[in-house]
Amino acid sequence: MQSSLSISVSPHTSLTVQRSNRNALEPLAFAPPSKPLNLRFCGLTREALGLSSLRRNSDSFRFRLSSSARVRRADKFFVSASLSDNGSPPKTFDYDLLIVGAGVGGHGAALHAVEKGLKTAIIEGDVVGGTCVNRGCVPSKALLAVSGRMRELQNDHHLKALGLQVSAAGYDRQGVADHANNLASKIRNNLTNSMKALGVDILTGFGTILGPQKVKVGSDKVVTAKDIIIATGSIPFVPKGIEVDGKTVITSDHALKLESVPDWIAIVGSGYIGLEFSDVYTALGSEVTFIEALDQLMPGFDPEIGKLAQRVLINPRKIDYHTGVFATKITPAKDGKPVTIELIDAKTKEPKDTLEVDAALIATGRAPFTHGLGLENINVATQRGFVPVDERMRVIDSNGNLVPHLYCIGDANGKMMLAHAASAQGISVVEQVTGRDHVLNHLSIPAACFTHPEISMVGLTEPQAREKAEKEGFEISIAKTSFKANTKALAENEGEGLAKLIYRPDNGEILGVHIFGLHAADLIHEASNAIALGTRIQDIKLAVHAHPTLSEVLDELFKSAKVKAHVSAPVSEPIAV
Amino acid sequence: MASSFSFLSRPPFSNASISFSSSLSSGSLQQLFLPSSSYSPFPSNNSARRILTVRSKIREIFMPALSSTMTEGKIVSWVKSEGDRLSKGESVVVVESDKADMDVETFYDGILAAIVVPEGESAPVGSPIGLLAETEEEIAEARAKAASKSPPSTPKAVTPSPPPPISSPAPAIAQPPPSPAKPVSDGPMKIVATPFAKKLAKQHKVDIDSVVGTGPFGRITPADVEAAAGITPSKSMGTNAGSKIAETVPLKPASPVTAPPPIPGSTVVPFTTMQAAVSKNMVDSLSVPTFRVGYPVTTDALDALYEKVKPKGVTMTALLAKAAAMALVQHPVANATCKEGKSFTYNSSINIAVAVAIDGGLITPVLQDADKLDLYLLSEKWKELLKKARAKQLQPNEYNSGTFTLSNLGMFGVDRFDAILPPGQGAIMAVGASKPTVVADADGFFSVKSKMLVNVTADHRIVYGADLAAFLQTFAKTVENPESLTL
C-alpha cells in the first residue's frame, strides 16, 4: 500500500508540509480522520507550503515515495477513492513516527527520532519501560547486586584471604524485594520523563494496526503516522503442560518480585535468565535444580566459557541438574503436596524421573508479544509469533513482500532478544526513515549474563567461527588470557576467569570475544566497539590501558594474538550480517 | 595439606604429551600426560583367557607439568567420574597451575577406573592422579590398585569400605523416629535428596540411600547427610534460617539461628595445620568405645633410681616409657590396634608415643622400640626428638608411628586425669604427680609413701578390663622394683 501523494497532487505536498509546519497540524493530531477534515488538511498544507523551506530529509522522503509509488500505480485510484476505509493509507499523518510499545527498544528509537527532528509518538498499553525495566534486566540487576554482596559476605575463605572478618550475613527478603521494585520505578520514571521532556507524545492504550500507516490506540482513537515501528516485546514463554500459579510455579515476572525464597527451587532452562536466578537464589540460601532440554547446561555460550562457568557457577554451589530432559508436566504445590515435575528424556520421550521441589521457575525463554496487534489487517503472518523482518527491520508480509513504512524491532522480531539490541535496531530504523541507509551489524552487539562472576560475549562462538571459516575458506586462531595474570583481579582476590578471542590470523579481524570473570559485562565493550568499527587486532593492540585495571585482560588478549598482517588496510569496513 | 606421595614408584614416561581442548596461543607448554605404562600387578582371570595379550592394560594418569616451573598441581575438578567411559581427546581433569586452569585430555580410550587424587587436593608433577582401565573387567583390578596407592593420610581417598562405619553410628546417636516423614509421600518410597545433600553425600562418601530424610516431605536435607557423616552442620545453613525469620517477622533484621551468636568483640583465630590435625583426630576418637582403669603406684624406689641416673642424662619420661614398654612386652594386647572393628592387630614393635605440648599445639614424638633400647639410649633419643619437635622438624614416622601413648601432667601438680585414646592405638596412659601419701600396711602400721595415680584409657573392642588391670599391675611392679629398668 502506498501513500496517495502521487495521484493528483505533486509528490512533495502533504509530506513536506507536515514535516515543516508542525504547528498547523498540532490541533488536529488527535482528531479522528474523516473526509472533510482531511480535505481541509490538504488546503491548509497547501497554504503552508510557501512558508516553509524544504529540509534535506524531506527531500529524500519525497524521492522515496515517488519512486515506490510508481510501482503501485494500479492501486492509486482505488486508494484515493476510499479515504475513510481502514485499509487505505491516509493522505496526511498525525506523526512522522509512531512506535507501538514503550520498552527500551521503543524508547531508544523515540529519542533518536526526536534528535533527527521527527514528530514522534509512542503507544504503551501497560507501563512505560517494558520488560527490561519492569520485569527483566533492571529489577534482576537489583537482586543480583544483593546476591553478589551476600556471596562476598558469606565467603569466609575469600574474606580471610583479604584479612577481613565478618560475622554471619543475613538478609530481609522484603527489603531486597523493595530494592528491586524501587529501582524499577525509578528507571521507569527516568524513561518517561526523558521522553516527555523531548516532546514525545505518550499515548496510553493497546495499539492495533488498522491498515497501512494507521493504528488504533485503545478502543477508539485512531492515529496515523508516516512510519510505524512495532516494538511490542515479549512475555515469558511457558511450555504446555506447565501450570503457572504465580506462587510455587512461577516465571521471571513473579520471581523478580521475590515474594518468597524457597528452600529448593527447580529452574527450567539454563540460559541467561535461569543462570542469573540461580545466582540470586543460591546466594539467598536456596538449593537449585536445573532442568535443561539440551545435553549441556548453558547451551548458548561458547563451550569453553560454558564449561568454566559451570565449574565456577554450578559445581561448587548448591545446585544439581538434569540435562537432556523435558519437563512435560509441572503441578504447583497444593493440598500439602510439593511441586511435582515430570521429566521425560528429550530424545526417546520416555518418562525419566519425577522431581518434588518447593518451587519451580520457568525460564525456558521468551515468546513475542504480537497477538492482537492487527497484523492480519496488513497481510502479515507471524512465525511462531515473531514478526518477520528483513535485515533493515522492514516487515515482510505473507507473500514475501516488504510492507512499506512498517518496521519491527526488538523481541517481537526475535532477531536478538536483548534490550540494547532492540534499541540499536530502533536507532537503525530511524536512520533509515530519515534518509540514511543503515544496516545493524548484530555480530557487534554484546551480551552479558550478570552472574558472579559475570559472563559476556560478542560475535561468534568458537564452533560458529570454525563453521564460518570452513565455509568461507579462511583460518581462525584462538587467543586466551586468564584473570589469574591480572593485577587488579588478584588485588580483588578474584583471579577466576578467562578471556577468549577468536580471530582471523591473516587479516586481524575479530570474530568473537568471550569473557568470564570479574566485571566481564563491562569489559566486553572494547571488543564490541572494535567489531562495530571494524578495528583490527594489529591496530587495537597498540592502544594503551591504564594500569592496573581489569581492562588489561583484554589488552593482553589482543597482544597475545598472532596476526600475520601487520599493516592494517587504509579503509577498514564494518562487517554486516 | 599436600600429603606425602612418597609411595610413587612410577614407571618411566613414554609417549609423553599433553593436549588441551583448543590450541593455546600463549606460554610454552610442554610435556607429558598419560604415559602408556602397561603392566599387570595382579594376575587376573581374564588375562589368562586372552591368548595373545597377557598383560592387562591399566594406565596411570599422571599430574602433568603445565609449565616449566610447575612442581605441584592442584586438581580443580574431575570432569569425568569413576566408571565413566573416555574416548581419546576428551577432557578428563582440570588442573590448576600458577597461571591458569587447564583442561587435560586423555590420549587413550578406556574407562576412568579410579580417582587417586580427589578434587581440591594437590599432587606433585608426575605422580599418578587416576587410573584408566581398558575394559570393564579391569576396573576392579584398577580400583584395588588405587586403594593400595592412595595415601594413608588422606581419608577421602578410595578406601575399601568406609561407608558402613561412618553412616551406621549416626542414626544410633540421633535416633530419629523410624518413619515420621513417610505418610506425606504416597506411592513407592522414593528417595528425594536436595542438590546440596547429594553433593555432601558424594563428598563425604555417604550412601544417600541409607540416610533418613527429615526435611519437608521426607526429603534428605544437607543436615541429614552431615549428621550421617558425623560432622557438624556447615554454617552457611544459617542464611536460609535467617530468611525464614525475615519471612515471619519482617521488620526484624535476620540473623542465623543454628549457631549461637558470637559474643561481640570475640576474635576468631583459625586453626593451624597442627591444630586442625589435632581437632580431626579428637573427633575421630569418638567412634572408638573406650574405658578407663586407674591404679596407684608407689614411686619411692623409682624416685631413688631417678636421683641416681639423673646425672647420666636420664629423664623421668624415659624411665616411665621404659617401664611401660617393659610391661607391654608381657601384655601385647595393650599394644595392639583394632582395625575397623574386626580384628586384633598385634604390633611387632613397641613404640611409645609421648605427648608433648609445644607452642600452640600438641605433638607426640615416638620412642621407637622402647622395650629394646636401654635407658641411656632411650634418654638420648628423647632429647633428640624434643629438639626436633621444637624446631618443627619431626618426620612423619617420628610422630605417627606410636603404638601406645604416654601422657604426663605430673609436673603441673595434677594428681589424676583422663586421656583421650588416639585413633589407631590400643591404649593411652595418663600419669599424675607423685606425692607423699599416708598408707596403712596389713599390720596396721602407718607410713608415708610417694604415690602416683596412673589412669589408662583403652579401646574396649580389643582390651578388656582384666587385660588392662593385669597390664597396670605389671607396670606398677616394674616401677616399684625399678632395678630391671637399668638392665
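**Close-up views of chains A and B**

In chain B, contacts between residues 24 or more positions apart make up 61% of those with a separation of 6 or more. The model shown in every view is predicted.

**View 1. Chain B as a whole, with its helices and strands.** Chain B holds 13 helices and 19 strands. The chain has 487 residues, and 43% of them count as buried. About 25,000 Å² of chain B is exposed, with 59% of that area supplied by carbon and sulfur atoms.

**View 2. Residues 192-229 of chain B.** An unreviewed UniProt entry annotates this span as "domain: Peripheral subunit-binding (PSBD)". Helix accounts for 45% of the span and strand for 0%. Between the C-alpha atoms at the two ends of the span, the distance is 18 Å.

**View 3. Strand 15 of chain A and its side chains.** This strand covers residues 359-362. Ala359(A) and Leu361(A) point one way from the strand, while Ala360(A) and Ile362(A) point the other way. Are these four residues buried or exposed? All are buried.

**View 4. Strand 8 beside strand 15 in chain A.** Strand 8 of chain A is made of residues 249-251. Strands 8 and 15 of chain A run parallel and are joined by three bridges. Opposite Ala360(A) of strand 15 stands Val249(A).

**View 5. Strand 9 beside strand 15 in chain A.** Residues 264-268 form strand 9 of chain A. How many bridges pair strand 9 with strand 15 of chain A? There are four, and the pairing is in the parallel sense. Ile265(A) stands opposite Ala359(A), a residue of strand 15.

Definitions and conventions:
Residues numbered from 1 in each chain as written. Chains lettered and ligands numbered in written order. Predicted model: local features only at pLDDT ≥ 70, side-chain atom pairs only at ≥ 80, totals over all residues. Heavy atoms only, no water. Buried < 20%, exposed > 50% of the residue type's maximum accessible area, 1.4 Å probe, protein only. Contact = heavy atoms within 4.5 Å. Areas by Shrake-Rupley, 256 points an atom, 1.4 Å probe, with all protein chains shown as cover. UniProt positions renumbered as here; feature names shortened; annotations may be inferred. Pairing = 2+ DSSP bridges.
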